[in-house]
Amino acid sequence: MNCQDFWNSFPELAGRGEHPHLAECTACESRMAHYLALKQGFRALSAAGPRLEAPPRVEQRLLSAFRRQTGADFRRPSRRWVPLVTWAAALAAMVALAIFLVRPRAPEAERPPLRRSVEMAMLQVPQADAEGFIPLPNSAGVAADGDEINLVRVEVPRSSMIALGLDVSADRAAELVEADVMLGSNGIARAVRFLE
């Protein structure tokens, strides 16, 4: 029997320190003698004095330190609050989502429809000048006397006359018509004259 096996079997319970291993091993014999002396001293101390106990907090700390050191499995505190907190958080999230989805929303302001230049030209019937030129929408109008102008003759479909507010029959809308376009010095069209 080796020393480890001897101390694992704790022989003092069987024969008060009389064991064959103690006769062979002087280190274990010395250790056992110290142990027995300490045990007798504690018994004498407890018999001589009044019964004293450590406070519960000291006992609890001592037990927890012992369990940590020996690696003994001790009971962990109950965690019954974990599911409760989980359900409470889920419920709070659902309520917040419901409030977000149900809250009244302000109606979106209606935007007025954008008027295109064609629609604006139809609203304002153009007035031709003495030479028959009709000013184009969003242009500076017919050139003044001192402005340099260029005249370009083009063929356009009759439907383009509708954009200027002129009446065109539907059956002739696809026909081509000659027109003179007045261009300003910057090359932007200012007026048009239909030749018919």
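**Figure 1. Asp-180 is a buried residue of the predicted model****.** Relative accessibility at Asp-180 is 4%. Asp-180 therefore counts as buried, since the cut-off is under 20%. The residue sits in strand S3, which spans 176-183.

**Figure 2. The side chain of Asp-180 makes a polar contact with Arg-153****.** The two side chains are joined at 2.8 Å. Arg-153 is also listed among the residues in contact with Asp-180 once neighbours within four places in sequence are set aside. That list further holds Phe-133 and Val-152. It is completed by Ala-191, Val-192, Arg-193 and Leu-195.

**Figure 3. Strands S3 and S4 pair antiparallel****.** The pairing consists of 5 bridges. Asp-180 takes part, with Arg-193 as its bridge partner in S4. Arg-193 is also one of the residues in contact with Asp-180. Strand S4 covers 189-194.

**Figure 4. Strands S2 and S3 also run antiparallel****.** Here 8 bridges join the two strands. Strand S2 takes in residues 150-157. Asn-150 has Leu-183 as its bridge partner in S3. S3 is thus joined to S2 and to S4.

**Figure 5. Gly-187 lies in the loop between S3 and S4****.** The hairpin of these strands has 5 residues between them. Within the hairpin, Gly-187 takes a positive phi near 90 degrees. What is its relative accessible area? The value is 47%. Gly-187 is therefore partly exposed, because the value falls between the 20% and 50% cut-offs. Asp-180, in contrast, is buried.

**Figure 6. Gly-187 and Ile-149 are 38 residues apart along the chain****.** In space, 8.7 Å separates their C-alpha atoms. Gly-187 belongs to the S3-S4 loop.

**Figure 7. The whole chain combines 8 helices and 4 strands****.** From the N terminus, the elements run α-α-α-α-α-α-α-β-β-α-β-β. The chain has 196 residues, and 15% of them count as buried. Asp-180 is one of the buried residues. The accessible surface comes to about 16400 Å². Carbon and sulfur atoms hold 58% of that surface. Of the contacts with a separation of 6 or more, 48% come from residues 24 or more positions apart.

Note on methods: Residues are numbered from 1 along each chain as its sequence is written. This is a predicted model: local features need pLDDT of at least 70, side-chain atom pairs count only at pLDDT 80 or more; totals for chains, interfaces and linings use all residues. Side-chain values use heavy atoms; hydrogens and water are left out. Buried means under 20% relative accessible area, exposed over 50%, partly exposed in between (1.4 Å probe, protein chains only). Contact means heavy atoms within 4.5 Å. Accessible areas come from the Shrake-Rupley method with a 1.4 Å probe; for residues, only the protein chains shown count as cover. Two strands pair if DSSP finds at least two bridges between them. A polar contact is a pair of N or O atoms within 3.5 Å; within protein, one must be able to donate a hydrogen and the other to accept it, and residues adjacent in sequence count only if both atoms are side-chain atoms.
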